[in-house]
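Please open the structure in your viewer and keep the selection panel at hand. The tour below goes from stop to stop, saying what to select and what is found there.

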Amino acid sequence: MARTTVHAADVLVAGAGIGGLTTALALHARGITATVLEAADEIRPLGVGINIQPAAIAALTALGLGGALAATGIPTREHRRLDHTGTTLWTEPRGLAAGHPYPQYSIHRGELQLLLLAAVRDRLGPDAVRTGARVGTFAHTRAGVRAHTHHQATGTTAAFEGRALIGADGLHSAVRAQLHPGQARLSAAGVRMWRGMTEVEGFLDGRTMIFATDDRAARLIAYPVSARHAERGRALLNWVCLVPTTAPDGPDAPGGPADSSGPDDSAFHRPARLDDVLPHYAHWNFGWLDIPDLLTRSPRILHYPMVDRDPLPSWWHGRVTLLGDAAHPMYPIGADGASQAILDAAALASNVARHNDIGTALHHYETARRPATTAVVHTNRDMDHAERVTADPV
């Protein structure tokens, strides 16, 4: 039997995604050390583009990351609504243009994750993030929490002890599963979603996000995500295609592949075929942007199930709580997922610093964040439903 090594830490964070890494930085800024336990052997820049809302940018800027964000992402200026011919229906200012004190950034998710990872290792030390350490189970001890980890390839195990455990381990959270063993299954939106990135010569003013819909409820969202491309007069365009499906056993159905893929979130980045998505957009052409060409020239197309879960009645038990997608997975409709995880991290660190008793701190963190994120989950569901009903000619 493999011998288990025990490591001591202050606060344990399960998951080195955007929420987990931001939590480590926010705790460090308050004088609290953290050890981040990550299942992957290597943290690579996975994913495509995301949007970070001004309130979350304020939190990251307070952590000294404003310059790095500006050098990487695009400060989105405008949200433009179109039909499938490219005709503008309405526009809405975003970020600084909307009067916020901080911008809204469109950025590659993987680049943001690596930016956060570099900051954690620089400030907390190279061993602050332990890769190949998948959190499986945890147990309360007299002094705190012990988290048991294993390395999937070698089968080796380890145990980490800290004052608290923060479950930031994503949609298929092992921490959440132990806190709520009868948790609800994934709730499907009935939407197939494909994502990709394509380099183009230019895109409007370089700081605009478009949202287009046709009369069959097919949707397209696109926006530039790379400051480095913009410096060369190009645009790295992140695009998302959303098409409704009524198939009860399709890839988005509860209990289908999305729900049985296990604890590895990389299963939610499945490669897809161009032929699956292109027929839905063959008749789309804006004149200034050829949509079929945009999809065809994407080096890689990913398929994502559009799912969430019903909000939990609680996140916290003793010295353990949840954060980000582990706590409140939501439809990616309002560009809120990563932003809410960042706001979770800021609130958690503030409360841990304010209260000597860790259980009290986690209770106040949940009181501050759970109602707000529950409202976002329901709002995003309502927004998705409204978009499909509005576009449906029936």
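Begin by selecting Glu199 and Arg232, whose side chains meet in a salt bridge with an N to O distance of 3.9 Å. This pair links distant parts of the chain, since Glu199 belongs to strand S14 (residues 187–200) while Arg232 sits in the loop between H6 and strand S17 (235–244), 33 residues apart. Glu199 has a relative accessibility of 29% and therefore counts as partly exposed, whereas Arg232, at 52%, counts as exposed. Keep in mind throughout that the model is a predicted one.

Next, select Arg77, Glu78, Arg80 and Asp205 together, which are joined into one network by salt bridges that share partners. Within this group, look at the salt bridge between Arg77 and Glu78, where the closest N and O atoms are 3.9 Å apart. Arg77 counts as partly exposed because its relative accessibility is 28%, while Glu78, at 11%, counts as buried.

A further charged pair to select is Glu111 with Arg228, a salt bridge in which the closest N and O atoms are 2.6 Å apart. Glu111 lies in helix H4 and Arg228 in helix H6 (residues 227–231), so this pair ties together parts that are 117 residues apart in sequence. Glu111 has 27% relative accessibility and so counts as partly exposed, and Arg228, at 40%, also counts as partly exposed. Over the whole structure, a search finds 15 salt bridges.

From the charged pairs, move to a sheet. In what order do the strands of this open sheet of 3 strands lie? The order is S4-S8-S5, and the pairing is antiparallel. Strand S4 (49–52) and strand S5 (74–76) are the edge strands, each of them pairing on one side only. From one strand to the next, the twist averages 30°. Now select S4 with strand S8 (residues 104–108), and you will see two strands that pair in the antiparallel sense over 4 bridges. In this pairing, Ile52 stands opposite Tyr105 in S8.

Add helix H4 (residues 109–124) to the selection: this helix packs on the sheet, touching S4 and S8, and its direction makes about 95° with that of S8. Why does the length of H4 agree with what is expected of its 16 residues? At 1.5 Å a residue, H4 should span 22 Å, and its end C-alpha atoms are indeed 22 Å apart. Colour the buried residues of H4, among them Leu112, Leu115, Leu116 and Val120, and then show what they pack against, which includes helix H1 (18–29), helix H3 (66–72) and strand S9 (129–130). Where H4 has ended, Gly125 follows with a positive phi, near 110°.

Another helix to select is H2, residues 54–62. Its buried residues are Pro54, Ala56, Ile57, Ala59 and Leu60, and among the elements that cover them are H1, S4, H3, S8, H4 and helix H10 (337–354). Just after H2, Gly64 takes a positive phi of about 85°.

With these elements on screen, turn to the largest nonpolar core, which has 66 residues and in which Ile52, Leu165 and Val175 touch the most other members. H10 gives the most to this core, with 7 residues. Return to Ile52 and show its surroundings: leaving aside residues up to four places away in sequence, Ile52 touches Ile57, Pro103, Gln104, Tyr105, Ile107, Leu112, Ala338, Ser339 and Ile342. A second, separate core has 23 residues, including Leu82, Ala222, Leu237 and Val277. As background to both, nonpolar side chains in soluble globular proteins tend to be buried together.

For the last stop, select Leu186, which lies in the loop between helix H5 (174–179) and S14. Is Leu186 buried or exposed? With a relative accessibility of 3%, Leu186 counts as buried, because the cut-off for a buried residue is under 20%. Finally, draw a distance from the C-alpha atom of Leu186 to that of Met306, which should read 9.6 Å, although the two residues are 120 residues apart along the chain.

Terms used. Residues are numbered from 1 along each chain as its sequence is written. This is a predicted model: local features need pLDDT of at least 70, side-chain atom pairs count only at pLDDT 80 or more; totals for chains, interfaces and linings use all residues. Side-chain values use heavy atoms; hydrogens and water are left out. Two strands pair if DSSP finds at least two bridges between them. Axes are lines fitted to C-alpha atoms, for helices over the stretch in contact, and angles run from 0 to 180 degrees between N-to-C directions. Contact means heavy atoms within 4.5 Å. The expected span of a helix is 1.5 Å times one less than its number of residues. Buried means under 20% relative accessible area, exposed over 50%, partly exposed in between (1.4 Å probe, protein chains only). A salt bridge is a side-chain nitrogen of Lys or Arg within 4 Å of a carboxyl oxygen of Asp or Glu. A nonpolar core is a set of buried Ala, Val, Leu, Ile, Met, Phe, Trp, Tyr and Cys residues joined through side-chain atoms within 4.5 Å.
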